Amino acid sequence: KEKSKQQVLEELRKRKGEYVSGEELSRRLGLSRTAIWKHIKALRRDGYQISACTRRGYTLLCIPDRLYPEEVTAGLKTTWLGRPFYYYEEVGSTNQVAKDLAEQGAPHGAAVLAEGQTSGRGRLGRGWLSPAGKGIWLSLVLRPRVAPWQLPQLSLLAAVGVASAIKEITGLEVGIKWPNDILSRGKKLCGILTEMRAEVEITQYVILGIGLNVNLDIEDFTRDLWPLATSLKLELGWEVPRLPLLQSLLYHLEGWYQIWEKEGFVPVRESWKKASVTLGRLVKVEAGNEVYEGRAIDIDGEGRLLVEGADHTLRRFTYGE
Ligand code: BT5
């Protein structure tokens, strides 16, 4: 039933801008006129705006602002990222769903997306606000063939990929705050949470969680986030279509991942440094129980942040705040 509904949609999509008669649809798809009408009604319930006109038939006016897997994969230019694509209306945390799927053997590149999350996760046990339909709440299952110590590079890579997609779709130049917050005018647009299962030498899988604030209005944020957080809509003043943004995000992430596999960390590092708002600044790094102050000098060849203290000693940080 789902399949023939998708076929009806496909026919209407092919002929966008014109009317297709119920008779023709029923002939092409081998379905009864009643069945066609039922599928039209179901598509409307999914949010597709379809006009029905006596004697002329049906025409697709508008697709819903939903990230349905059929819509996402229809225009997806990736070869492996986002395939398969798991879609949910609402989950606790897409990272948790992705982890469970990875444990059950989900392949490298599998994606989990939810319209809304009820207990979105930040780092270090913090939460992530994820109102329905307003953002891209996405987790990717990756199985990199690298040792666990190289994985911080992957989070930096993710930030570079997100920045590329935002630039392509909206033209907005964003900044990256170490390790991988995406900022606009100093406020957080996107957060990245990397979780993994690894042994000493072998990486089993990495879950790359990306939370991108797309069309949140100020009232969608809790008051405590007003000075700290923003969305693309708030930055640009217009509603950003999530579907092409998501497709671009997967495309750029795949592209950067492939560069990383072939050429190593050097090109990723260059791009990260260009977008960085951390380097050159006085910073306070919190790692574990330790707090270290100094100037952020560079990202080294392994992806660690180099901080020079007042006494000119250099410290390297893999993780931290
Ligand atoms: C992060 O944590 O920035 C990582 C966020 C990752 C979220 C994605 S969504 C898809 C996937 N599934 C999940 O369950 N998680 C991932 P951190 O650096 O710890 O930042 C968390 C802090 O940012 C919170 O304590 C708030 O202060 C703030 N915050 C919460 N929600 C926010 C939002 N929507 N936009 C901006 N800031 C937010």
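A salt bridge here is a side-chain nitrogen of Lys or Arg within 4 Å of a carboxyl oxygen of Asp or Glu. The model above is predicted, and by this rule the count comes to 32 salt bridges. Let's work through some of them, then turn to a helix and the surface.

**Exercise 1.** Find which parts of the chain the salt bridge between E103 and R197 ties together.

*Solution.* Start with the contact: the side chains of E103 and R197 meet at 2.9 Å, N to O, which is within the 4 Å limit. Next, place the partners: E103 belongs to helix α5 (residues 94–103) and R197 to strand β10 (residues 187–198), so the bridge ties together parts that are 94 residues apart in sequence. Finally, check the cover: E103 is partly exposed at 45% relative accessible area, and R197 is partly exposed at 36%.

**Exercise 2.** Decide whether each partner in the R304–D300 salt bridge is buried, partly exposed or exposed.

*Solution.* The closest N and O atoms of R304 and D300 are 2.8 Å apart. Buried means under 20% relative accessible area, and exposed means over 50%. R304, at 24%, is therefore partly exposed. D300 has 9%, so this residue is buried. Elsewhere, salt bridges with shared partners link E11, K14, R15, E18, E24 and R28 into one network.

**Exercise 3.** Test whether the span of helix α6 agrees with its number of residues.

*Solution.* Helix α6 covers residues 152–170, which is 19 residues. The expected span is 1.5 Å times one less than the number of residues, giving 27 Å for α6. The end C-alpha atoms are 28 Å apart, so the two values agree. Now look at the cover: 16 of the 19 residues in α6 are buried. K167 is partly exposed, at 38%, and forms a salt bridge with E173, with 3.1 Å between the closest N and O atoms. E173 itself is exposed, at 59%. Just after the helix, G171 takes a positive phi of about 85°.

**Exercise 4.** Identify which residues form a positive patch and which form a nonpolar patch on the surface.

*Solution.* For the positive patch, pick out K1, K38, K41 and R45. One of these, K38, sits in helix α3 (residues 33–45) and is exposed, with a relative accessible area of 55%. For the nonpolar patch, take I218, W226 and L234, which together have about 220 Å² of accessible area. L234 lies in helix α7 (residues 232–236) and, at 33% relative accessibility, counts as partly exposed.

Methods: Residues numbered from 1 in each chain as written. Predicted model: local features only at pLDDT ≥ 70, side-chain atom pairs only at ≥ 80, totals over all residues. Heavy atoms only, no water. Patch = residues over 30% accessible without salt bridge, like charges linked within 9 Å, V, L, I, M, F, W, Y side chains within 5 Å. Areas by Shrake-Rupley, 256 points an atom, 1.4 Å probe, with all protein chains shown as cover. Lys, Arg positive; Asp, Glu negative; His and termini not counted. Charge placed at Lys NZ, Arg CZ, Asp CG, Glu CD. Helix = DSSP H or I, 4+ residues; strand = E, 2+ residues; numbered from the N terminus. Buried < 20%, exposed > 50% of the residue type's maximum accessible area, 1.4 Å probe, protein only.
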